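User: I have a structure to go through with you. Can we start with the pockets and then move to the chain contacts?

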Amino acid sequence: MSTSAQIMKLFVAQLKTMFREKAVWFWNLFFPVILMVLFMVIFGGGGDGGDFKAKVALVNPAPSASSDSLEAGLRKIPVFEWKSEQPVDSAQADAWVKDKDVDAAIVLPENGNSGDIKLIVNTENESNATTQAIQGILDQYVQRASFAAAGIEPAYRLQTSSITSSSKDLSSVDFLMTGMIALSVAQAGLFGMVDMVEIRRSGLLKRLRMTPLRMGLYGLAGMMVRFVLSFVQIVLLSVIGVIGFGANLALNIPVLIIAFFVGVLAFNALGYLISSFSKSIESYMGVANITSFLMMFISGVFFATSSLPDWLKPVTQVLPLTYFVEGMRDGMVYGSGLFSSSFWIGIGILALWGVAAFSIGALIYRKGKVEVR
Amino acid sequence: MPVLEVKNLRKSFGDVKAVQDISFTVEAGEVFTIIGPNGAGKTTTLEIIEGLQPPDAGSIAVAGLSWSKDESAIKTLIGVQPQSSALFDLLTTEENLDLFASFYPTRKSTAEVLEMINLTEHRSKRVKSLSGGQRQRLAIGLAMINDPQVIFLDEPTTGLDPQARRNIWDIILRLKQLGTTIILTTHYMEEAEKLSDRVCIVDQGTVISLDTPAALIGKLTKEREVRLSFYDGEDAAAQTEEALRGLPGIARMEREGANVTLWSPEPEQALYGLLGFTKEHGYRVEHVSIREMSLEDVFIAFTGKEWRD
């Protein structure tokens, strides 16, 4: 039988074995889907980007032409949601603020053309993000209104836009989806190599070594099966992310393929390393779980690594999952990276992890063989 | 040329000398059985022969080939059923056979093997749902899928019920008919006696005795045990005992009530004398028996151990 036919035969056999195992379906497909959906529902805001809204009330103690025009201008600001169509008296506004029925009350000047515009907030909320945002918006509005009243055209204006080559902005849904994809592919590799412990324990490895089969081919076919599984994971999670939660994809296929290929190999190599020193399935699972948990929360899967405390950042910068998540985002939502050095540095570090893990694993296997009885 | 030649094999694990100078030769078409108490070195010997472990000293030749030079050639010539049968549990019987067949340049047809191991009906069943006996038959099927010259069966019937054991005996006898050389280890003396051309008794890493089952038993049997009991009670038994005492061919004698037991190197002679006497006196003998000596007695005599320790 030719080598390629032999690999095909082994591939089909291992593919059947993998997909006939219910636990594989649960842990590699069903569980990541559930986890992703859950995270998206909690943090993703159902896909409409988590727009900022503030509920406010307006007090106009001395209605006049100028205060009316101020009011009309304020009511056009889209992030403000008005508690009532008409201005209310200050007692009513105070009551609403106290009861937190509104985030803030805006009080217009008491005498005509000039004076202070007051912002009243609950003391408890004095320094929270909503208050600061309202303050900022109002401050800007007041400044513009003053310039207009004085007839001055401002020399500078601030225009903000985020930079990505993707046509749309990166939303939290995109972020979570790519994070979950990377995580589940990484976990499939990390946990999947438990097969190595299983075939050693059951004696199947020994049995196969009694045949003329080259074990390298068996391993190669096994890797092919793992690639298939991880490909299914990517497609499944992407489809659910895009259709169910309106995630946006900006694919860069070469980048995606490189990141995927190197990532799958690296995490399988890590699994292989764990299998080399695990004597039982339980001990393998224990080590794999710890490894996966340590990486999961500090590698930018669920939230950006920039939000982590400074002392933790160096740890993040050595973990392979950080670079795998980055690489997958480059290929799936940033749509960039093939010529960026940060992408290649990340892939390089990931590859380094893979090569190191595989080499150490192989060494332990070779040493251990002497003691096998 | 012998199919298998084992010369001066030695192997230690730390302080434990598992195999100390084991040598034997197996001819083509033989069923060669290795028996010995647990820890005697059977499995280690077998694993060295199967190429799974290197010996510390000594040599193995399978069909004239050596492991160091012709590893892959030997692997195509042998078939192995290891003690714990490891199979692809989530594949079906047929898928297991096909997959293993793909590892070899020559093969038997899956249908033929399925028929020989009597699993044709269960060809599409996943291994996981097979019974212990069926699994074991499949493991033997996998060992014969490459149409090997030598097949190694390591305790193929351990833990099986009597019916399942008989099924496996049938397979072994079929293989023998087809001219396959079989190296067998077993815990059951009855099995070794029934199936083997030659039996090799191993204890503490050395060969204690090696011969055909009949010759091994013959070596041991200097005296046979004869038992008889009388309808006419103790008196008849006592008188017979008295009369027989001192007759040639009877080594010693014991009586307990109406039962007499005697040991004789020539039980036939002893029985003539015995039955002549009872006929003369009109004593009715209820029961006469000569105990068969079995391989088990041989084993106990050679190793000084109970079989199942």
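Analyst: This is a predicted model. In the second largest pocket, α5(A) gives the most to the lining, with nine residues.

User: Which helices of chain A each supply at least two residues of that lining?

Analyst: They are α3 (65–75) and α5 (129–150) of chain A.

User: How much space lies in the second largest pocket?

Analyst: About 560 Å³. The lining counts 23 residues, and the closest to the pocket's centre are Leu70(A), Tyr141(A), Val142(A), Ala145(A) and Ser146(A).

User: And what does the lining of the second largest pocket have by class?

Analyst: The lining has 12 nonpolar, eight polar and three charged residues.

User: OK, switching to the interface. How many residues does each of chain B and chain A put into the contact?

Analyst: Chain B puts in 28 residues and chain A 22 residues. Between them the two chains bury about 2,500 Å², with 64% of that on carbon and sulfur atoms.

User: Which residues in chain B lose the most area to chain A?

Analyst: Leu52(B), Leu90(B) and Phe103(B), which together account for 24% of what the chain B side buries.

User: What about polar contacts and salt bridges across the interface of chain B and chain A, how many?

Analyst: Seven residue pairs are in polar contact across the interface, both residues being at pLDDT 80 or more. The salt bridge count between chain B and chain A is three. One of these pairs Glu47(B) with Lys206(A), where the closest N and O atoms are 2.7 Å apart.

User: Which elements of chain B give two or more residues to the side that touches chain A?

Analyst: α1 (42–49), α2 (67–77), α3 (93–101) and α5 (132–144) of chain B. With four residues, α3(B) gives the most to that side. By class, the side of chain B that touches chain A has 16 nonpolar, six polar and six charged residues.

User: Back to salt bridges. How many does the structure hold over all chains?

Analyst: There are 24 over all chains. Among them is a salt bridge within chain A between Arg201(A) and Glu198(A), with the closest N and O atoms 3.2 Å apart.

User: Where do Arg201(A) and Glu198(A) sit in chain A?

Analyst: Both are in helix α7 (residues 194–202) of chain A; they are three residues apart there, so about one helical turn separates them.

User: And what lets side chains pair like that in general?

Analyst: Side chains of opposite charge can pair when their charged atoms come close.

Definitions and conventions. Residues numbered from 1 in each chain as written. Chains lettered and ligands numbered in written order. Predicted model: local features only at pLDDT ≥ 70, side-chain atom pairs only at ≥ 80, totals over all residues. Heavy atoms only, no water. Contact = heavy atoms within 4.5 Å. Buried area = accessible area lost by both parts, 1.4 Å probe. Salt bridge = Lys/Arg side-chain N within 4 Å of Asp/Glu carboxyl O. Polar contact = N/O pair within 3.5 Å; in protein donor to acceptor, adjacent residues only side chain to side chain. Nonpolar A, V, L, I, M, F, W, Y, C, P; charged D, E, K, R; others polar. 1 Å grid on protein atoms, 1.4 Å probe; cavity = no way out; pocket = protein on both sides within 12 Å on 5 of 7 lines; lining within 4 Å. Points joined across faces, edges and corners; volume = space filled by probe spheres on them.
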